[in-house]
Structure formats: structure tokens, C-alpha cells
Amino acid sequence: KQGINAFCPEKGIPLVEQLKARMNNKQPARIFDTTGHPEGLADCFEIAGNGSWVLTIGKGPRTYRMSERIDMGQLVLKQIVFMTSWVFTLPECYEMIDFMLENKLSFTKLVTGRFEFKDAQQAFEKAASPDNGGKTVFIKK
């Protein structure tokens with residue numbers, strides 16, 4: 001099974017080298033970017049190994065500028081799989097909640113699991129399940 005490595009990088013040491021030191025000289029196969037920042041995404045592409053998947057969660061259907069550090073040719077040569085998603089603004093969330101309440105729609109099927117960070121492996125397995133139609137979220141207690 002795949003594990004999850006999360007850490008706070010040290011300044012002054014290249015991120016790729018820090019990851020390799022923690023991962024037996026390997027690069028990550030899956031990288032999740034939640035910064036919503038072009039330079040954070042550029043860091044993800046930099047640390048990605050050949051055939052890695054990079055997933056980013058942005059901030060809505062608005063213009064998103066890519067960092068000048070991102071070289072699309074390198075991403076193609078490394079065979080990077082890049083997936084994106086976006087999140088709603090607070091007013092958009094209120095509108096959706098009002099819509100669901102007005103139409104008597106059920107909230108219970110939207111969130112299919114809540115997990116603490118220590119249970120991340122279980123959360124990712126549930127999220128990857130073909131019968132999971134909702135969202136799996138992490139919570140900090």
C-alpha cells in the first residue's frame with residue numbers, strides 16, 4: 001500500500017532533495033497541491049518524478065496564471081498526469097445550501113466520510129471506491 005508523507009520543508013535545501021531523503025531516494029507518485037498559488041503548483045511539478053500524477057485544487061472558475069517556472073515541454077517528457085479541481089466561494093456555497101433546502105434535497109449522501117489525518121490511508125481508499133459518489137474530507141480535532 002502507498003503511504004502518505006506530509007512535512008514542512010526546510011528553507012535553503014531544494015525541495016526535491018528533501019523529499020528524496022525522506023522517501024528512500026524516490027520521488028512521489030501522487031502530489032496534491034492545495035495552495036491555490038502558481039508557485040506552489042510549480043513546486044509540485046518540480047518534485048514530480050516520471051509518470052507522476054499532480055492534482056491541484058484551485059479557487060473557482062476564475063483566471064489562473066501559471067508560474068513562469070513551469071516548462072510544459074518538461075511535463076510532457078516526464079509524462080506527468082495533471083488534474084485540476086476548483087472550490088466554490090462562500091456566497092456560492094450559501095446559494096447551493098439554500099437551493100438544497102428549498103428543494104428538500106438530502107445532505108447525507110454528499111459527505112461519505114470524515115477522517116482524522118491519522119486515518120488518511122482509510123480515507124483515500126474510501127475516496128477511490130467506485131461506489132463513493134460524495135466527498136471524503138479530513139478534519140482536525
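Is K118 buried or exposed? K118 is exposed, because its relative accessible area is 67%, and over 50% is what counts as exposed. Its side chain meets that of D119 in a salt bridge, at 3.5 Å from N to O. D119 itself is partly exposed, at 25% relative accessibility.

That pair is a handy way in, but let's step back for the whole picture. What you're looking at is a predicted model.

## The overall layout

The protein has five helices and five strands. Walk along from the N terminus and the elements go α-β-α-β-α-β-α-β-α-β. There are 141 residues, and 23% of them count as buried. The accessible surface adds up to about 10,800 Å², with 56% of that belonging to carbon and sulfur atoms. As for how the chain meets itself, take the contacts between residues at least 6 apart in sequence: 50% of these join residues at least 24 apart.

## The inside

Now for the core. The largest nonpolar core has 14 residues, and the ones touching the most other members are I31, F45, V54, I70 and I80. Two elements, α1 (15-22) and α2 (38-47), give two or more residues to this core. Helix α2 gives the most, with five residues.

So what does α2 pack against? Its buried residues are G40, L41, A42, C44, F45 and I47. They pack against α1, β1 (30-33), β2 (53-57), α3 (72-77) and β3 (81-85).

I80 is worth a click too. Leaving out neighbours within four places in sequence, I80 is in contact with F45, A48, G49, S52, V54 and L75. Two of those names, F45 and V54, also turn up among the core residues that touch the most other members.

S52, another partner of I80, sits in the loop between α2 and β2. Is S52 buried or exposed? S52 counts as buried, since its relative accessibility is 2%, and buried means under 20%. Apart from residues up to four places away in sequence, S52 touches P28, A29, Q79, I80 and V81. A29 makes a nice example: S52 and A29 are 23 residues apart in sequence, yet their C-alpha atoms are 4.5 Å apart in space.

## The salt bridges

The structure holds four salt bridges. Here are three of them, with their N to O distances.

| Pair | Distance, N to O |
|---|---|
| R69 and E39 | 2.8 Å |
| R69 and D43 | 2.8 Å |
| K118 and D119 | 3.5 Å |

R69 shows up twice in that table, so let's follow it around. R69 forms a salt bridge with E39, with their closest N and O atoms 2.8 Å apart. This pair links distant parts of the chain: R69 is in the loop between β2 and α3, E39 is in helix α2, and their positions lie 30 residues apart in the numbering. The side chain of R69 also meets that of D43 in a salt bridge. Because D43 lies in helix α2 and R69 in the loop between β2 and α3, this second pair ties together parts that are 26 residues apart in sequence.

How open are these residues? R69 is partly exposed, with a relative accessible area of 42%. E39 is partly exposed as well, at 31%, and D43 gets the label partly exposed at 30%. Together, E39, D43, E46 and R69 are linked in a network of salt bridges. Helix α2 therefore has a part in the ties to R69 through D43, while its buried residues, including L41 and F45, look to the other elements they pack against.

## A greasy patch outside

Which residues make the nonpolar surface patch of about 510 Å²? They are L90, Y94, I97, L101 and F107. One of them, I97, lies in helix α4 (residues 90-102). I97 is partly exposed, with a relative accessible area of 36%, so it clears the cut-off of over 30% for joining a patch.

There's a general reason for spacing like this in a helix: an α-helix has 3.6 residues a turn, so residues three or four places apart point the same way.

Helix α4 also passes a simple length check. At 1.5 Å a residue, its 13 residues should span 18 Å, and the end C-alpha atoms are 18 Å apart, which agrees. After α4 comes K104, whose phi is positive, near 55°.

How values were computed. Residues are numbered from 1 along each chain as its sequence is written. This is a predicted model: local features need pLDDT of at least 70, side-chain atom pairs count only at pLDDT 80 or more; totals for chains, interfaces and linings use all residues. Side-chain values use heavy atoms; hydrogens and water are left out. Patches are made of residues with over 30% relative accessible area and no salt bridge: like charges are joined within 9 Å, nonpolar side chains (Val, Leu, Ile, Met, Phe, Trp, Tyr) within 5 Å. Accessible areas come from the Shrake-Rupley method with a 1.4 Å probe; for residues, only the protein chains shown count as cover. Helices (H or I, at least four residues) and strands (E, at least two) are DSSP runs, numbered from the N terminus. Buried means under 20% relative accessible area, exposed over 50%, partly exposed in between (1.4 Å probe, protein chains only). The expected span of a helix is 1.5 Å times one less than its number of residues. A nonpolar core is a set of buried Ala, Val, Leu, Ile, Met, Phe, Trp, Tyr and Cys residues joined through side-chain atoms within 4.5 Å. Contact means heavy atoms within 4.5 Å.
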